[in-house]
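Biologist: I am new to this structure and should be grateful for a close look at a single part, the surroundings of the ligand. Please add whatever helps to place that part within the rest of the model.

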Amino acid sequence: MKNYADLWVGYGERKANRDCEHLKKIRLSGAPESDCIVKNAVKELKNGMKAMLDAEPEIVFGEAAAPVAVTDGKSLRESEEYRITICDDALSLEARSGAGILYASFDLLRTVACERDVRKAYAEGKTVRPSNPLRMLNHWDNMDGSIERGYSGESFFYVDNEIVIDERTRDYARMIAAVGINAVVINNVNVKQAASLMITDRYFDKLAELGRIFAEYGIRLFLSLNYASSIEIGGLDSADPLDENVIAWWKEKMAEVFGKIPTLAGFLVKADSEGRPGPFTYGRTQADGANMLADIVKEYGGIIIWRCFVYNCRQDWRDRKTDRARAGYDNFMPMDGDYHDNVILQIKNGPMDFQIREPVSPLLGGLRRTNQMLEVQIAQEYTGHQIDVCYLIPEFKEILGFKTYCSESRDTVADIVSGETFGSRYSGIAAVTNTGNDFNWTGNYLAGANLFGFGRLSFDTELSAEQIAEEFVRMTISQDDEVVRTIVGILLPSREIYEKYTSPLGIGWMVTPATHYGCSVDGYEYDRWGTYHRADHLGIGVDRSDKGTGYALQYNEPNASIYNSPEKCPDELVLFFHHLPYTHKLHSGKTVIQHIYDTHFEGLEEARKLAETWDALKGKVDDAIFDNVRERFERQLFNAREWCDQVNSYFFRKSAIPDEKGRQIW
Ligand code: GCU
């Protein structure tokens, strides 16, 4: 018995498609039988079909195609494209690489697992090209086994500063490949202690093995890099990117690293951020730092993914000019066009830090001559710690669909990160992952929908949040239509509900400092991180208009004018952009204060309904899943009540304006 769940690669018995003729023989064409990814695809098809339909398909091989030379994001997407058709004698899976065959196989397995009619699904032929070149997970796992912002146990990669490779590692690779992930960063962006030694002899063998396992599922291995390695492990006294000695040290180091870990695809770097070292120390730019490393790894086909999370985290509260929201744009826009072509800037979806509601970062749609990657977070750091149910795919859909007005057409975030808008050399989407060594991988079983969903969405941005939720439930919990409808009905509104009982109207934060779970309205107000809400007895919000910090003007028109005006700004973001009196009327017709009261009471009530809905599933879903989610709901309700009480009391006492409906506010 495994000590972890199989989730969507478990494949229990299925009723539909049992008599389907087309599943007797499957023809794989375009990639050679000897390809190690193809071999894994064959294994998946045989085992999966046998488990679901009690019949192993005959696998035959068609012609091989000329492989695509992968030199950039566009050719990577071409190489991963696949086509599934029904032929007279077989079901045909065609691609131009092993990865394409693997994705086609998982497509077919998903169809059977969801009990969709195979004939109908492929009658007209189905061709799929991944929406994004890089579809990546970022682990914030530390080598001592802890996980920064991890809510589902410890790391399954590391125990006591050793890298662990076992059956779970392989199943992890299968599981994420099955939803289309093709790149993974396996260590925390904050590279400290033992993690700094990842690029030394101490870990090369294990990393090479890990890289091989990933590669057999089409997954590229990346490492987070300590920018100050030349000092910390090289014994130099500098990490100046323009210093000859530093450059020489890195050249030698990278030759060694890529020699020892042949599958290594590159590095993720958090520099000059929250105390991490970087080029600013030497009066150099972010581009200087990124380009120095990129030039060196280029000959190994390496990529440098450089994070834009650079801001002053020691802002004095009296300083109303400095605005953390501005920082990404201010630090990175001036060098647009200077980053070399194997550098990708990785940009958090919003200008702050993964709050339940933020505007889209103006760097997305600002930068035009730079490779860009979107970073989202499925680890529920600010969204309920995988205790509260918060299905994030609707949020990611909004972000991807956001019109940046950076060009006449194809101007959404999805267009930009797919590489289409600017013909970028590399691009994609990364998610800070929510996995750990818990039995069910993600703590709350329902948080698995975010892992599944992120992969599916990054592979195919056209999918709806509902389709994805439904697939998740059918593949991992139940095929019963009523159960599926019920659980999808819990997932879909859950983000909006979480938003309702937490911080209002886009202001964000109000979480307990450091842990980021639970309510503390003023917690960050008296801290140094630049995340103020500026509430007083008259009003609340941060003036980021042209009269305030000017952040709103970082957007392209018409977004800049819309955000700049309290009348035009959408309600859900209005306190992010404007400081408003509690009596200000929103588009909804409510005042700010009444909106706060109403949404908090509603959010609590709706969370209660979700929990009741779940309760009614007793006996209809697996007991272990039922109990796990039920226990989380109990904690969620406690949390929601705390938030509701504290936020409402706080604003009642600040404003002295009573609730129109006379409900109990302490
Ligand atoms: C947040 C988070 C940190 C993390 C950082 C980052 O601030 O709380 O734990 O290191 O983001 O993204 O680098």
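Modeller: The following account begins with the ligand and then turns to the aromatic rings and to one helix residue. Please bear in mind that this is a predicted model.

The shell around the ligand consists of 14 residues, and the closest are E148, K270, R307, K348 and E381. By character, the residues of this shell comprise 8 charged, 4 nonpolar and 2 polar ones. Several polar side-chain atoms can be placed with respect to the ligand. For K270, such an atom lies 2.6 Å from a ligand oxygen, and in the side chain of R307 an N or O atom is likewise 2.6 Å from an oxygen atom of the ligand. E274 has a polar side-chain atom 3.0 Å from a ligand oxygen. On its own the ligand has 310 Å² of accessible area, of which the protein covers 95%.

Beyond the ligand, the structure contains 34 aromatic pairs. One of them, formed by W614 and F626, is stacked, with 6.1 Å between the centres and 15° between the planes. Because W614 belongs to helix α19 and F626 to helix α20, this pair ties together parts that are 12 residues apart in sequence. W614 is buried, at a relative accessible area of 0%, and F626 is buried as well, at 3%. Elsewhere, Y4, F156, F157, Y158, Y172, F214 and W441 make up one aromatic cluster.

Finally, T476 is found in helix α14, which spans residues 465–476. Its relative accessibility is 12%, so T476 counts as buried. Leaving aside residues up to four places away in sequence, T476 touches L7, W8, Y445 and I625.

Methods: Residues are numbered from 1 along each chain as its sequence is written. This is a predicted model: local features need pLDDT of at least 70, side-chain atom pairs count only at pLDDT 80 or more; totals for chains, interfaces and linings use all residues. Side-chain values use heavy atoms; hydrogens and water are left out. Helices (H or I, at least four residues) and strands (E, at least two) are DSSP runs, numbered from the N terminus. Buried means under 20% relative accessible area, exposed over 50%, partly exposed in between (1.4 Å probe, protein chains only). Contact means heavy atoms within 4.5 Å. A residue is near a molecule or strand if one of its heavy atoms lies within 4 Å of it. A polar contact is a pair of N or O atoms within 3.5 Å; within protein, one must be able to donate a hydrogen and the other to accept it, and residues adjacent in sequence count only if both atoms are side-chain atoms. Accessible areas come from the Shrake-Rupley method with a 1.4 Å probe; for residues, only the protein chains shown count as cover. Ala, Val, Leu, Ile, Met, Phe, Trp, Tyr, Cys and Pro count as nonpolar, Asp, Glu, Lys and Arg as charged, and the others, Gly among them, as polar. Rings of Phe, Tyr and Trp (its six-membered ring) pair if their centres lie within 6.5 Å; planes under 30 degrees apart count as stacked, over 60 as edge-to-face and the rest as tilted.
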